[in-house]
Amino acid sequence: MFDLSQLFISSAFAQTPDSGPSPLGSIGANLVPLLAIFAVFYVLLIRPQQRKLDDQEKMIKALKRGDRIITGGGMHGKVVKILDDNEHVMVEIADGVQVKIVRNTISTLAAKIEPAPANDADKKA
């Protein structure tokens, strides 16, 4: 007669130990794919992002008067003055409208222009 318990419960069979590969070999075999995945992530994602951040930092340090920039918020403007604290920049966003922004908020250098000579009004401000 057919036993329903055999349908849901499988029999466990004893296994004899074999003299196959050592457990250290199986650990190494499991680590190789993980290391390969990490290497791919490093080459395709992490390293390019580090280079981009380095280039951004160099661009921000090399800002000069007259450069056209785009901020992280999307504002376009022209660098009018690099302030003494070296963390802020005066940017002209329209004719006669100047705003003080933090240097790190600059995301893109739209155009590099040769700086104009500073006039007396800039030296007083």
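Biologist: Leaving aside neighbours within four places in sequence, which residues is Ile 82 in contact with?

Modeller: This is a predicted model, and the contacts are computed from it. Ile 82 touches Leu 63, His 88, Val 89 and Arg 103. Each has heavy atoms within 4.5 Å of Ile 82, so each counts as a contact.

Biologist: What C-alpha separation goes with Ile 82 and Arg 103?

Modeller: The two C-alpha atoms are 9.1 Å apart. Along the chain, 21 residues separate Ile 82 from Arg 103.

Biologist: Why is Ile 82 called partly exposed?

Modeller: Its relative accessibility is 26%. Buried needs under 20%, and exposed needs over 50%. The value for Ile 82 falls in between, so partly exposed is the right label. Ile 82 sits in strand 2.

Biologist: Where does strand 2 stand in the sheet?

Modeller: The sheet is open and has 5 strands, in the order 4-3-2-1-5. Strand 2 is thus listed between strands 3 and 1. The pairing is antiparallel.

Biologist: What makes strand 4 and strand 5 edge strands?

Modeller: Each has a single partner strand, so one side of each has no neighbour in the sheet. Strand 4 covers residues 97-102. From one strand to the next, the twist averages 45°.

Biologist: How do you know that strand 1 pairs with strand 2?

Modeller: Pairing requires at least two bridges. Strand 1 (residues 68-71) and strand 2 (residues 76-82) share 3 bridges, so they pair. Their sense is antiparallel. Arg 68 has Lys 78 as its bridge partner in strand 2.

Biologist: What lies between those two strands?

Modeller: Strands 1 and 2 form a hairpin, with 4 residues between them. Gly 74 is in the turn, and its phi is positive, about 100°.

Biologist: How many bridges join strand 1 to strand 5?

Modeller: There are 4, again with antiparallel pairing. Two would be enough, so strand 1 and strand 5 also qualify as a pair. Strand 5 runs over residues 106-111. There, Arg 68 has Ala 111 as its bridge partner, and Thr 71 stands opposite Ile 106.

Biologist: What makes the contact of Lys 78 and Glu 92 a salt bridge?

Modeller: The N to O distance is 3.9 Å. The cut-off is within 4 Å, so the pair counts. Lys 78 is in strand 2 and Glu 92 is in strand 3 (residues 88-94), so the pair ties together parts 14 residues apart in sequence.

Biologist: Are Lys 78 and Glu 92 buried or partly exposed, and why?

Modeller: Lys 78 has a relative accessible area of 27%. Glu 92 has 21%. Neither value is under 20%, so neither residue is buried. Both are partly exposed.

Biologist: How many salt bridges does the structure hold?

Modeller: It holds 2. One joins Glu 57 and Lys 61, at 3.4 Å from N to O. That distance is within 4 Å, so the label holds here too. Both residues lie in helix 2 (residues 23-61), 4 residues apart, about one turn of the helix.

Biologist: Why is Lys 61 called exposed, and Glu 57 partly exposed?

Modeller: The line for exposed is over 50%. Lys 61 reaches 61%, so it passes. Glu 57 stands at 44%, so it does not.

Biologist: What is unusual to check in the phi of Asn 86?

Modeller: Phi is near 65°, a positive value in a residue other than glycine. Asn 86 lies in the loop between strand 2 and strand 3. Its relative accessible area is 47%, which means partly exposed.

Biologist: Which residues make up the largest nonpolar core?

Modeller: There are 9: Met 59, Ile 60, Leu 63, Ile 69, Val 79, Val 89, Val 91, Ile 101 and Ile 106. A core takes buried residues, so each of them has under 20% relative accessible area. Helix 2 and strand 3 are the elements that give two or more residues to this core.

Biologist: What is in contact with Val 79, neighbours within four places left aside?

Modeller: Val 79 contacts Lys 64, Arg 65, Gly 66, Asp 67, Ile 69, Val 89 and Met 90. Ile 69 and Val 89 are also listed in the core.

Biologist: What share of the protein is buried?

Modeller: Buried residues make up 16% of the 125 residues. The accessible surface comes to about 10200 Å², with 62% belonging to carbon and sulfur atoms.

Biologist: Which pattern do the helices and strands follow?

Modeller: Along the sequence, the pattern reads α-α-β-β-β-β-β-α. That covers 3 helices and 5 strands.

Conventions. Residues numbered from 1 in each chain as written. Predicted model: local features only at pLDDT ≥ 70, side-chain atom pairs only at ≥ 80, totals over all residues. Heavy atoms only, no water. Axes fitted to C-alpha atoms, helices over the stretch in contact; angles between N-to-C directions. Buried < 20%, exposed > 50% of the residue type's maximum accessible area, 1.4 Å probe, protein only. Areas by Shrake-Rupley, 256 points an atom, 1.4 Å probe, with all protein chains shown as cover. Salt bridge = Lys/Arg side-chain N within 4 Å of Asp/Glu carboxyl O. Core = buried A, V, L, I, M, F, W, Y, C linked by side-chain atoms within 4.5 Å.
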